[in-house]
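Hi everyone, thanks for coming. Today I'd like to walk you through one structure, so please get comfortable and have a look at the screen.

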Amino acid sequence: MSEPNWTNQTLWTGDNIDVMRGMNSESVDLVYLDPPFNSNRDYAAPIGSEAAGAAFKDTWTLDDLDVAWHGEVAEREPALASVIEAAGFSHGGPMRAYLIMMSVRLLEMKRIVKPNGSIYLHCDSTAGHYLKMTMDAIFGQAQFRNDIIWRRQPAKGLATRNMPTDHDLLLRYAMSDRATYNTQYVPHDPEYVRKSYRHVEEGSGRRYRLDNLVNPNKNRPNLTYEFLGVSRVWRWTRERMEQAYERGLVVQTAPGRVPQQKRYLDESRGRPIDTLWYDIPPVQGSSKERTGYPTQKPLALLERVIAASSNPGDIVFDPFCGCATACVAAEKLERQWVGIDISPKAAELVRTRLQRELGMFYTGVHRTDAPQRTDLGDLPPYGAPSNRQLLYGAQEGRCNGCLTWFPFRNMTIDHIVPRSRGGTDHIDNLQLLCGACNSTKGTGTQEELIARLQAQGIRN
Ligand SMILES: C[S@@+](CC[C@H](N)C(=O)[O-])C[C@H]1O[C@@H](n2cnc3c(N)ncnc32)[C@H](O)[C@@H]1O
């Protein structure tokens with residue numbers, strides 16, 4: 001693990017790939033990211049709202065495909081490249097472009113999160129299932145913990161053709177079994193309370209339920225004794241049982257009946273949360289926390305994520321922080337935090353929100369420069385992309401002969417005009433061919449290769 005090369009409460013304005021590439025490895029405890037969802041929409045804050053001026057695009061086309069990134073992913077992560085190719089094949093080129101954009105960033109997050117850290121990716125069903133495969137390829141399937149359904153809003157209106165979609169998905173990964181997990185609780189369902197806590201104590205009026213005191217393990221001689229005329233293997237020692245009885249916490253409803261433990265409703269922490277989060281409403285128009293920032297998430301949602309997967313003092317990182325909801329929630333829960341957003345509005349809004357929602361003056365740092373890693377010695381973090389990477393991206397992983405997709409390692413560099421015929425080493429004269437097409441071409445021209453492939457019925 002390394003020390004962070006930034007200070008607590010730093011908010012960057014910039015493209016997160018540039019900032020993350022300068023952040024030290026293994027330096028944050030929890031990553032929460034709420035990136036564009038590939039929703040095929042562009043977002044802008046309403047004029048007159050606090051966030052007016054904030055806008056971001058969430059439409060992806062092949063023009064967004066950075067060829068160097070594509071090549072880099074293909075070379076460094078062949079399994080991931082195959083997932084992306086499959087997604088592009090079934091969903092289309094824009095999904096491929098979107099997943100490449102996400103992959104290069106997720107690879108950086110994997111490097112930045114500590115070995116015992118966690119990551120939550122917030123998405124929806126547009127790309128969620130492709131993102132799950134992408135995350136599995138990057139973080140490892142064994143690191144996957146939960147897909148959490150957050151019901152953003154009850155479905156509105158009468159849907160006649162489709163079931164209305166009313167939830168987002170949060171994919172939770174833990175870097176190891178030692179990652180922090182603090183169980184969170186929600187109030188019991190009223191129906192459950194009515195059925196389970198059906199006794200009311202005379203005098204105090206406290207609701208309680210009766211719980212089993214019998215030990216499921218029959219082979220416990222030291223816990224086997226007679227109590228109130230009933231012989232059983234009990235969960236407690238005789239001494240503890242007698243003390244609880246004296247305090248009125250053990251009840252025998254009739255002579256000869258098995259004694260039970262009294263459990264009060266007001267001492268229950270509630271129901272441990274599961275993966276269906278139905279109790280957190282979206283940010284309402286009239287809500288105090290509303291900034292008007294497009295796709296703003298509720299503070300309560302971020303508080304739950306942060307409380308579950310970090311401890312006070314830990315570092316929370318949100319690389320797509322929008323109007324800084326995760327930063328405000330982290331501050332509220334006494335965590336350290338760092339955020340990045342490409343929109344300059346984020347830096348403005350974090351200041352306003354910390355003041356308004358927590359009554360505190362922001363003393364953090366707003367940066368626009370990419371940090372310099374201090375955990376690398378003299379090594380530059382990344383070299384310039386190689387010709388092979390650039391060509392792989394430009395050809396979208398397809399051989400320029402048979403037009404079939406191949407993993408990066410199966411591609412060979414070919415001189416379009418062979419060097420024996422005066423061709424140069426300039427990238428304009430280079431292409432990637434699969435091994436079979438390269439040997440078919442030999443020292444021939446590209447036209448000769450295509451003619452041979454057509455004659456063999458491999459190409460139209
Ligand atoms: C879904 S919103 C995040 C909303 C945020 N969770 C909140 O509660 O306000 C996605 C954010 O990603 C930002 N974004 C998109 N591409 C980015 C990039 N390359 N680097 C940094 N931020 C980016 C957008 O400006 C937008 O604010």
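I'll start with the ligand and its surroundings, and then move on to two pairs of helices. Please keep in mind that this is a predicted model.

So, what comes nearest to the ligand? There are 20 residues around the ligand, and the nearest are D34, Y293, K297, T325 and D341. If we sort that shell by class, we get nine nonpolar, six polar and five charged residues.

Let's look at some individual atoms. D34 has a polar side-chain atom 2.6 Å from a nitrogen atom of the ligand. For D15, a polar side-chain atom lies 3.0 Å from a nitrogen atom of the ligand. With C323, the backbone takes part: one of its polar backbone atoms is 2.9 Å from an oxygen atom of the ligand. And how much of the ligand does the protein cover? On its own, the ligand has 610 Å² of accessible area, and the protein covers 95% of that.

Now for the helices. If this is new to you, two packed helices are described by the angle between their axes and the distance between those axes.

My first example is helix α3, residues 78-91, with helix α4, residues 93-112. They pack at about 155°, and their axes are 7 Å apart. Angles over 145 degrees count as roughly antiparallel, so that is the word for α3 and α4. Their crossing is right-handed.

My other example is helix α9, residues 325-332, with helix α10, residues 345-358. Here the angle is about 40° and the axes are 10 Å apart, which makes α9 oblique to α10. This crossing is right-handed.

Thanks for listening!

Key. Residues numbered from 1 in each chain as written. Predicted model: local features only at pLDDT ≥ 70, side-chain atom pairs only at ≥ 80, totals over all residues. Heavy atoms only, no water. Near = heavy atom within 4 Å. Polar contact = N/O pair within 3.5 Å; in protein donor to acceptor, adjacent residues only side chain to side chain. Areas by Shrake-Rupley, 256 points an atom, 1.4 Å probe, with all protein chains shown as cover. Nonpolar A, V, L, I, M, F, W, Y, C, P; charged D, E, K, R; others polar. Axes fitted to C-alpha atoms, helices over the stretch in contact; angles between N-to-C directions. Helix = DSSP H or I, 4+ residues; strand = E, 2+ residues; numbered from the N terminus. Parallel < 35°, antiparallel > 145°, perpendicular 65-115°, else oblique. Left-handed = near helix turned anticlockwise from the far one by under 90°.
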